[in-house]
Amino acid sequence: MTVAAPPTRVAAAARPATRPPNRMREWATRAPLLPALIFMILVTQLPFVATLVISFFDWNALYPNDRSFTGFANYSDVLSTPELRESVWTTVLLTVTVVLVSLVLGLALALLLDRKFRGRAIVRTMLIAPFLLVPVAAALLWKHVLLNPEYGLFNGVLHWIGGDGATQPDWISEMPLMAVEASLIWQWTPFMTLILLAGLQSRDSQLLEAARMDGANDWQVFVHITLPHMRRYIELSVLLGSIYIVQNFDAVYTITSGGLGTANLPYTVYQTFYQAHENGLASAAGVIVVIGSLILATFALRVVSSLFRAEVSR
């Protein structure tokens, strides 16, 4: 009489033994990525490590042999020297103003473009155009074409309205920081518009129809449905815009050359390194800029990953 083996033993015997991982196959799969990884390390990480090391030294390029290790003294100088501390405050003020104004204008334009009207594609293309300009070209456009006190468009409009007695302000001299902010807002509003428009077009149309059938007006739909849905897109716009504006150099250098209280931290790094030749102090200021950008980038990546998880869960 034959005794059948237990089902569990039969199933275990029928299953093929798991093969050990093929190390050669894994390396063959990863090998094409190694040149890109090595190139990225050489181009980005090694210069940052060198900058980090130099930031701990009192090192003036005019006296290359007279350098000494000072620890965190350069970082203390960046945060305690009045000029450098003022540049940090200017960077914060410039970033907050540009990002908030661009966000409000971008949301208004996104709400406009979310509606169907004749010529919407042309309007959308025209709104994107400022963001496609080279930053230096955009700054030159504002400095010479719009804000110039002698032949600028703004003073030309004032003269056309008020005649010969119209006020002709020197915009850059009288409102230097506002001139830089206007240039950046004009260039970054389209970026905010694109992200927020993508968020508006991802709303659930059935939810909107149900709210309107229940008697909700446009303002109630915007406050109770649109804004909660747009929270992640607004956060993403703020974080990505902040990462760029914190590092902005072109507009400050082109429009005011860092004068009249417009020198932000990136311009101060340039000025300290190339004009004062203080390599250690400039490196410390640069490391602070990089750390601030990394913190913002970390939040931005978390927001992007949450957006992807939300889209997958639908």
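Select tyrosine 151 to begin, and look for this residue in the loop that runs between α7 (135-146) and α8 (153-162). The model on screen is a predicted one, and in it tyrosine 151 counts as exposed, with a relative accessibility of 53%. Show the side chains around tyrosine 151 and, once residues up to four places away in sequence are set aside, the residues it touches are His144 and Val145.

**The whole chain**

Zoom out next and colour by secondary structure, which brings up 15 helices and two strands. Of the 314 residues in the chain, 33% count as buried, and the accessible surface comes to about 19800 Å², with 67% of that area belonging to carbon and sulfur atoms. If you draw the contacts between residues at least 6 apart in sequence, 69% of them join residues at least 24 apart.

**A nonpolar patch on the surface**

With the surface switched on, select Trp27, Leu34, Leu37, Ile38, Phe39, Met40, Ile41, Leu42, Val43 and Leu46, which form a nonpolar patch with about 970 Å² of accessible area together. Which helix supplies the largest share of this nonpolar patch? It is helix α3 (residues 34-54), from which nine residues of the patch come; isoleucine 38 is a convenient residue to click on here, as it lies in helix α3.

**Two helices that cross**

Move along the chain to helix α4 (residues 73-80) and helix α5 (residues 82-113), whose axes come within 5 Å and cross at roughly 70°. A crossing angle of 65 to 115 degrees counts as roughly perpendicular, and α4 and α5 are therefore roughly perpendicular to each other. To see where the two helices meet, show Asp77, Val78, Leu79 and Ser80 on the α4 side, together with Pro82, Leu84 and Arg85 on the α5 side.

**The salt bridges**

The structure holds two salt bridges, and each can be selected as a pair. Start with arginine 203 and aspartate 114, where the closest N and O atoms are 2.6 Å apart. Arginine 203 sits in the loop between α10 (176-201) and α11 (205-213), while aspartate 114 sits in the loop between α5 and α6 (120-132), so this pair ties together parts of the chain that are 89 residues apart in sequence. Aspartate 114 is partly exposed, its relative accessible area being 24%.

The other pair to select is glutamate 235 with arginine 231, whose closest N and O atoms are 2.9 Å apart. Why are glutamate 235 and arginine 231 separated by about one helical turn? The two residues are four residues apart in helix α12 (residues 218-246), which accounts for that separation. Glutamate 235 counts as partly exposed at 30% relative accessibility, and arginine 231 likewise counts as partly exposed, at 44%.

**A buried methionine in α12**

Stay in helix α12 and select methionine 230, which is found there. Is methionine 230 buried or exposed? Its relative accessibility is 0%, so methionine 230 counts as buried. Leaving aside neighbours within four places in sequence, the residues in contact with methionine 230 are Leu196, Gly199 and Leu200. If you then draw a distance from the C-alpha of methionine 230 to the C-alpha of serine 202, it should read 9.4 Å, although the two are 28 residues apart in sequence.

**Positive phi values in a loop**

Now follow the chain to the loop between α13 (250-255) and α14 (265-274), and select serine 257 within it. Serine 257 has a positive phi of about 55° even though it is not a glycine, and with a relative accessible area of 41% it is partly exposed. Leucine 260 is found in the loop between α13 and α14 as well, and its phi, near 60°, is again a positive value in a residue other than glycine. Leucine 260 is exposed, with a relative accessible area of 57%.

**The last stop**

Finish at asparagine 279, which lies in helix α15 (residues 279-313). What does asparagine 279 touch, not counting residues up to four places away in sequence? Show Ile54, Trp59, Ala61 and Phe273, which are the residues that asparagine 279 touches on that count. The cut-off for a buried residue is under 20% relative accessible area, and asparagine 279, at 12% relative accessibility, therefore counts as buried.

Methods. Residues are numbered from 1 along each chain as its sequence is written. This is a predicted model: local features need pLDDT of at least 70, side-chain atom pairs count only at pLDDT 80 or more; totals for chains, interfaces and linings use all residues. Side-chain values use heavy atoms; hydrogens and water are left out. Patches are made of residues with over 30% relative accessible area and no salt bridge: like charges are joined within 9 Å, nonpolar side chains (Val, Leu, Ile, Met, Phe, Trp, Tyr) within 5 Å. Accessible areas come from the Shrake-Rupley method with a 1.4 Å probe; for residues, only the protein chains shown count as cover. A salt bridge is a side-chain nitrogen of Lys or Arg within 4 Å of a carboxyl oxygen of Asp or Glu. Buried means under 20% relative accessible area, exposed over 50%, partly exposed in between (1.4 Å probe, protein chains only). Contact means heavy atoms within 4.5 Å. Axes are lines fitted to C-alpha atoms, for helices over the stretch in contact, and angles run from 0 to 180 degrees between N-to-C directions. Angles under 35 degrees count as roughly parallel, over 145 as roughly antiparallel, 65 to 115 as roughly perpendicular and the rest as oblique.
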